[in-house]
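Me: I would like to learn how to read a structure like this one feature by feature, with the general idea stated before each case. Could we begin once it is in view?

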Amino acid sequence: MKTLRPFWDFTAGSVAVVSRGNRYYYAWIALLVLLSLGGLAAWGNQFVNGLITSNMRDQVSWGFYIGNFAFLVGVAAAAVVLVIPAYVYQWGPLKEVVMLAELVSLAAIIMCIFFVTVDLGRPQLFWHLMPALGNPNFPYSLLVWDILVLTSYWAISYFIVTYLLFKDYMGQKYNVNFIMPVIFLSIPLAISIHTVTAFLFMGLKARPFWDTAILAPRFLSSAFSSGPALVLIVLQIMRRVGSISIPNKALFKIAEFLAYAMAINLFFLGVEVFSEFYSPTQHAVHARLHWFGLDGRTDIAIYTWLSLACNVIAFVIFAVRPLRYKLPLLSAGCVLAFGGVFIEKGLGLLLPGMTPDMLGEIYIYNPSLNELAVGVGVWSAGALFFTLMAKVAMAISAGELRHRGT
Amino acid sequence: MAGNKKANQRGASRREFLKTATAGVGAMVGVPGAAEAFDFETFLQNHFRELSEDELKDVLQRLERKYSKKYRKTVSIDATGPIDGVVYGYGLDISRCIGCRRCVYGCVEENNQSRDPEIHWIRVLEFEREKVLRGINLEDGNPYYDHEQVPAEGKIYLPVACQHCEDSPCTNVCPTGATWTEPDGIVVIDYDWCIGCRYCMASCPYGARHFNWKEPEIPADEINPDMHIIGNRPRPKGVVEKCSFCIQRVRKGRYPACVEVCPVGARKFGNLLDPNSEIRYLLENKRTFVLKAELNTRPKFFYFYG
């Protein structure tokens with residue numbers, strides 16, 4: 001009872017905090033709720049009428065949903081990797097950076113799970129995947145591995161966040177010797193979620209475009225160029241609307257980190273281009289589609305060049321010191337890096353892997369409106385979750401939400 | 001045997017747990033008639049391989065009732081098991097195939113494939129003979145050829161369906177074990193266990209797996225009432241399906257429908273373990289090849305030049 005009581009107060013206090021705010025806050029929440037509900041309705045439509053409501057077909061059997069999933073696993077992994085430099089460089093309020101990064105991770109993993117769920121033909125049979133109840137094909141199926149590492153990672157991140165917040169709430173200092181090892185444990189786990197997700201694709205010998213050892217490194221490098229970019233944007237917003245203070249120095253450090261990550265990401269891309277085009281095999285057809293289009297269909301190639309342009313401009317902004325020291329320019333760089341990697345991974349990685357299909361047919365996939373509505377709904381639900389969690393976290397950090405006994 | 005029993009017990013307690021849980025949810029929601037709208041028995045059904053004899057009987061009877069009612073004719077569904085000492089193999093003579101697609105439509109009728117949207121377990125690719133002489137590249141194939149008469153001049157044909165690989169990538173990746181290889185070498189799917197993630201479709205090198213993007217539609221008068229539970233029974237929406245070597249026929253000693261319907265005798269079928277079978281004769285005396293041999297999936301579907 002003794003520990004339950006403050007926990008109940010904490011919950012009630014949190015509810016009070018998230019229900020207070022200015023006009024913009026209410027408008028933002030209303031928008032997210034509306035879009036989430038729209039997504040839910042679109043998913044309902046898909047559930048009743050089948051995945052025919054998407055533009056996926058036998059030829060391209062995975063699309064927008066799985067692309068978003070792969071991208072968001074990267075965001076989840078990369079946000080936490082910021083914890084290393086945050087700790088090593090002793091940036092200003094380490095705790096805030098760690099906490100916001102962890103919150104971004106938590107929201108990203110929730111979106112990942114949503115995206116996989118909406119991709120299922122029969123989501124009601126989800127229990128078939130669960131140990132003891134169902135029949136998970138472990139250790140053979142990498143999808144089971146992915147579920148395993150994602151849930152462990154979610155659990156550990158959730159634990160870190162609640163521990164830090166609750167200690168703060170109780171007015172106690174967090175125990176560095178206790179929480180630091182847990183935070184460090186979450187770092188290899190972050191790497192593992194993205195490695196396993198890359199293996200999910202790499203393990204398919206049927207798909208030569210993905211059957212390359214550099215796919216996991218590429219997944220990580222592109223994740224590290226997009227996840228921290230999101231955190232950087234979030235930190236700036238939080239600094240403006242919240243009461244935490246994060247020095248510019250910390251932001252510039254993240255930008256520097258982004259420059260390295262993007263450089264490596266572009267290098268890996270170049271390596272892939274060399275092996276595909278210098279000695280092209282029959283399988284280079286996927287890379288040709290990726291870069292130039294096939295049979296006059298250049299839809300995917302447009303994505304590729306757009307993403308490359310975004311990534312290169314972002315790299316220049318991050319790498320050139322006078323440029324990254326201008327905050328508006330830095331923010332633009334972050335948006336470009338985030339968008340560039342989203343296009344690259346969400347569609348650029350997935351679609352050429354599946355086109356032409358296994359028997360050589362070219363079906364050009366673009367998400368349907370219903371798919372887009374579901375996707376927007378998932379993103380909104382994730383943003384909603386993040387906003388509410390961040391609101392509570394900020395209130396506690398600022399001392400507005402405190403246990404009465406202290 | 002002991003292992004089986006254990007599995008069944010595990011299955012039974014799982015059923016009990018879910019029954020209680022879903023009944024609780026149902027009561028909370030408090031919607032009368034929800035039980036009819038939502039098929040609880042299918043929802044709770046165990047994995048095919050974990051069903052006890054009694055449970056299997058129940059499932060078969062339930063499905064028979066359901067489909068007899070839906071298609072207004074007496075449907076029989078069985079679960080005939082594999083025959084000892086039999087592993088099936090398939091041979092296809094590409095020098096004889098004329099690309100008439102009778103196999104495609106014979107398969108659709110036999111195996112109750114959806115007519116709308118159309119699902120074809122067999123796809124026939126048309127190639128320029130000139131090109132194929134320099135090596136087969138599947139990207140050169142055209143599945144949508146439409147001639148007045150076949151075979152068209154200067155073309156050759158390559159029908160492709162499930163290759164029933166010995167080292168099948170699809171069964172490895174399935175997260176729920178809803179697809180597996182039977183002792184007689186047939187790769188099957190438990191349509192009631194598949195969650196529709198389509199990972200198997202991503203992993204199949206032969207495009208053999210097809211998804212039910214919507215509720216399949218089959219006219220009642222075209223339904224084939226002789227069904228096998230992991231073969232040609234109608235599939236629900238949201239699951240993957242594919243060729244099962246006509247499991248409902250071959251386990252009763254008959255040929256697959258495509259073998260019977262082929263007008264030029266290009267299709268051969270038999271027991272790979274029987275040294276006197278036709279398929280063994282072909283393997284020993286004809287020039288054979290398998291598709292995408294470099295992937296090491298070891299198909300049991302062989303193409304040969306007659």
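Reply: Helices and strands here are DSSP runs, a helix having at least four residues and a strand at least two, and they are numbered from the N terminus. What you see is a predicted model, and on this reckoning chain B has 11 helices and 12 strands.

Me: Before looking at details, what scores does the model have, and what are the mean pLDDT values of chain A and chain B?

Reply: The general caution is that predicted coordinates should not be read in detail where pLDDT is low. For this model the ipTM is 0.93 and the pTM is 0.92. The mean pLDDT is 91 in chain A, where 97% of the residues score at least 70, and it is 90 in chain B, where 88% of the residues reach 70 or more.

Me: Over which residues of chain B is the pLDDT under 50?

Reply: One such stretch is residues 1-9 of chain B, for which the model has 3 contacts beyond four places in sequence. Residues 30-36 of chain B also have a pLDDT below 50, and beyond near neighbours in sequence that stretch has 4 contacts in the model. In chain A, the lowest confidence belongs to helix α4 (residues 83-88), with a mean of 70, whereas the highest belongs to helix α2 (residues 23-49), at 97.

Me: Where in chain B are the cis peptide bonds at B:Pro117 and B:Pro151?

Reply: As a general rule, most peptide bonds are trans, and most residues other than glycine have a negative phi. In this structure, the bond joining B:Asp116 to B:Pro117 is cis, with omega about 0°, and B:Pro117 sits in the loop between α5 (102-110) and β3 of chain B. The bond from B:Val150 to B:Pro151 is cis as well, with omega near -5°, and B:Pro151 is placed in the loop between α6 (129-133) and β4 (155-160) of chain B.

Me: Turning to phi, are B:Arg101 and B:Phe245, each with a positive value, buried or partly exposed?

Reply: The test is a count of other C-beta atoms within 10 Å, where 20 or more makes a residue buried and 12 or fewer makes it exposed. B:Arg101 has phi near 65° and lies in the loop between β2 (88-93) and α5 of chain B; this residue counts as partly exposed because 18 C-beta neighbours fall inside 10 Å. B:Phe245 has phi near 55° and lies in the loop between β9 (240-241) and α9 (247-250) of chain B; with 28 other C-beta atoms within 10 Å, B:Phe245 is buried. A further positive phi, of about 55°, is found at B:Asn112, just after α5(B).

Me: Which residues of α5(B) are buried, and what do they pack against?

Reply: Since an α-helix has 3.6 residues a turn, residues three or four places apart point the same way. In α5(B), the buried residues are B:Cys103, B:Val104, B:Cys107, B:Val108 and B:Glu110. They pack against β3, β4, α10 (257-261) and β10 (267-271) of chain B.

Me: How should I read helix α13 of chain A, and where does it bend?

Reply: Helix α13 (residues 327-354) of chain A has 28 residues and spans 40 Å from its first C-alpha to its last, close to the 40 Å expected at 1.5 Å a residue. A bend of about 30° occurs at A:Glu344. Because 21 of its 28 residues are buried, α13(A) is largely enclosed by the rest of the structure.

Me: How many residues of domain 1 of chain B are in contact with domain 2 of chain B?

Reply: Chain B is divided into domain 1 (2-75) and domain 2 (76-306), and 14 residues of domain 1 are in contact with 16 residues of domain 2. On the domain 1 side, helix α4 (residues 53-71) of chain B gives the most, with 6 residues. By class, that side has 7 nonpolar, 4 polar and 3 charged residues.

Me: Finally, how many residues of chain B are in contact with chain A?

Reply: The contact involves 41 residues of chain B and 39 residues of chain A. Two or more residues on the chain B side come from each of β3 (123-128), α7 (169-173), α8 (199-203) and β7 (210-211), with α8(B) giving the largest share, 4 residues. That side divides into 22 nonpolar, 11 polar and 8 charged residues.

Notes: Residues are numbered from 1 along each chain as its sequence is written. Chains are lettered from A and ligands numbered from 1 in the order in which they are written. This is a predicted model: local features need pLDDT of at least 70, side-chain atom pairs count only at pLDDT 80 or more; totals for chains, interfaces and linings use all residues. Two residues are in contact if their C-beta atoms, placed from the backbone, lie within 7 Å. Ala, Val, Leu, Ile, Met, Phe, Trp, Tyr, Cys and Pro count as nonpolar, Asp, Glu, Lys and Arg as charged, and the others, Gly among them, as polar. pLDDT is the predictor's confidence in each residue, from 0 to 100. The expected span of a helix is 1.5 Å times one less than its number of residues. The bend at a residue is the angle between axes fitted to the seven residues ending there and the seven starting there. Domain bounds come from an automatic or database domain assignment.
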